[in-house]
Amino acid sequence: MNHTSNAPTILKHMEEATNALGFTMASDHLTGSLLRTLAATKPGGNLLELGTGTGLATAWLLDGMDAQAKLLTMDNDDAVMRIATQYLSDDARVTLHTMDGDTFIQSLLTQQQSFDLIFADTWPGKFWLLNETLSLLRRGGLYVIDDLLPQPNWPEGHAAKVTQLIATLDERADLHVTKLNWSTGLVLATKR
């Protein structure tokens, strides 16, 4: 199955810029395709992406969103955010933030924000501040994380963090959790 042929039009240019930067942690097309499908299930929804990177997953999310949906996305790396901003900032549905993930999540809590879909693709909101991030998720909302199968760029000790994260999610009574041994390894959870 070819997921490249139905990719968002802008993705090719974004991938070229991503490769030129040497950024190797972008979401793949399988994850992107799933994110687009999930975003489409949230018409008029409020979506959150933690870990914009160069904006590849962001482009997929936007491709699935309707005209009334909104997306907040953040990353703490100026270099990757410049690419995301260059290609995506003209879309009025997205607001891009360059800031520390912990600070960003805390600001969302202070503002009493809530979201229909959260894609946590960075450590804050995934490996720490998990409870806080999940408290931002509306009932029936979707929590998506990727990169849960062994990756060549994992730092030492990272596998244990992944195992603990999955166990923690499995123990939560407020979530229905599905583990997908697909793409880079994903978890899809819905708040009950």
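Buried means under 20% relative accessible area. Keep that cut-off in mind for the first residue. One caution: this is a predicted model.

Let's start with Leu47. Leu47 sits in strand β1. Is Leu47 buried or exposed? Its relative accessible area is 0%, so Leu47 is buried. What does Leu47 touch, once residues up to four places away in sequence are set aside? The list is Ala39, Lys42, Leu61, Met65, Lys70, Leu71, Leu72, Phe115 and Leu117. Take Phe115 from that list. In sequence, Leu47 and Phe115 are 68 residues apart. In space, their C-alpha atoms are 5.5 Å apart.

Now the nonpolar cores. In soluble globular proteins, nonpolar side chains tend to be buried together. Here, the largest nonpolar core has 26 residues. Which residues have the most contacts inside it? They are Leu48, Leu50, Ile118, Tyr143, Ile145 and Leu169. Several elements give two or more residues to this core. Among them are the strands β1 (46–50), β2 (70–75), β4 (115–120), β5 (137–145) and β7 (186–191). The helices α5 (101–110), α6 (130–135) and α7 (158–171) do so too.

Look at Leu169 in particular. Leave aside its neighbours within four places in sequence. Leu169 is then in contact with Leu130, Leu134, Tyr143, Ile145, Leu175, Val177 and Val187. Apart from this core lies another, of 24 residues. Met14, Leu38, Ala57 and Leu142 are among its members.

On to helix packing, with α1 as our guide. Two packed helices are described by the angle between their axes and the distance between the axes.

First pair: helix α1, residues 11–21, and helix α4, residues 78–88. Their axes come within 10 Å and cross at roughly 165°. That angle is over 145, so α1 is roughly antiparallel to α4. The crossing of α1 and α4 is right-handed. Who meets whom? From α1, we have His13, Met14, Ala17, Thr18 and Leu21. From α4, we have Ala79, Val80, Ile83, Tyr87 and Leu88. Of the residues in this contact of α1 with α4, 8 are nonpolar, 2 are polar and none is charged.

Second pair: α1 and helix α3, residues 56–64. These two pack at an angle of about 170°, with their axes 10 Å apart. So α1 and α3 are roughly antiparallel to each other. Helix α1 brings Leu11, Met14, Glu15 and Thr18 to the contact. Helix α3 brings Leu56, Ala59 and Trp60. The contact of α1 with α3 divides into 5 nonpolar residues, 1 polar and 1 charged.

How values were computed: Residues are numbered from 1 along each chain as its sequence is written. This is a predicted model: local features need pLDDT of at least 70, side-chain atom pairs count only at pLDDT 80 or more; totals for chains, interfaces and linings use all residues. Side-chain values use heavy atoms; hydrogens and water are left out. Axes are lines fitted to C-alpha atoms, for helices over the stretch in contact, and angles run from 0 to 180 degrees between N-to-C directions. Helices (H or I, at least four residues) and strands (E, at least two) are DSSP runs, numbered from the N terminus. Angles under 35 degrees count as roughly parallel, over 145 as roughly antiparallel, 65 to 115 as roughly perpendicular and the rest as oblique. A crossing is left-handed if the near helix is turned anticlockwise from the far one by less than a right angle, and right-handed if clockwise. Contact means heavy atoms within 4.5 Å. Ala, Val, Leu, Ile, Met, Phe, Trp, Tyr, Cys and Pro count as nonpolar, Asp, Glu, Lys and Arg as charged, and the others, Gly among them, as polar. A nonpolar core is a set of buried Ala, Val, Leu, Ile, Met, Phe, Trp, Tyr and Cys residues joined through side-chain atoms within 4.5 Å. Buried means under 20% relative accessible area, exposed over 50%, partly exposed in between (1.4 Å probe, protein chains only).
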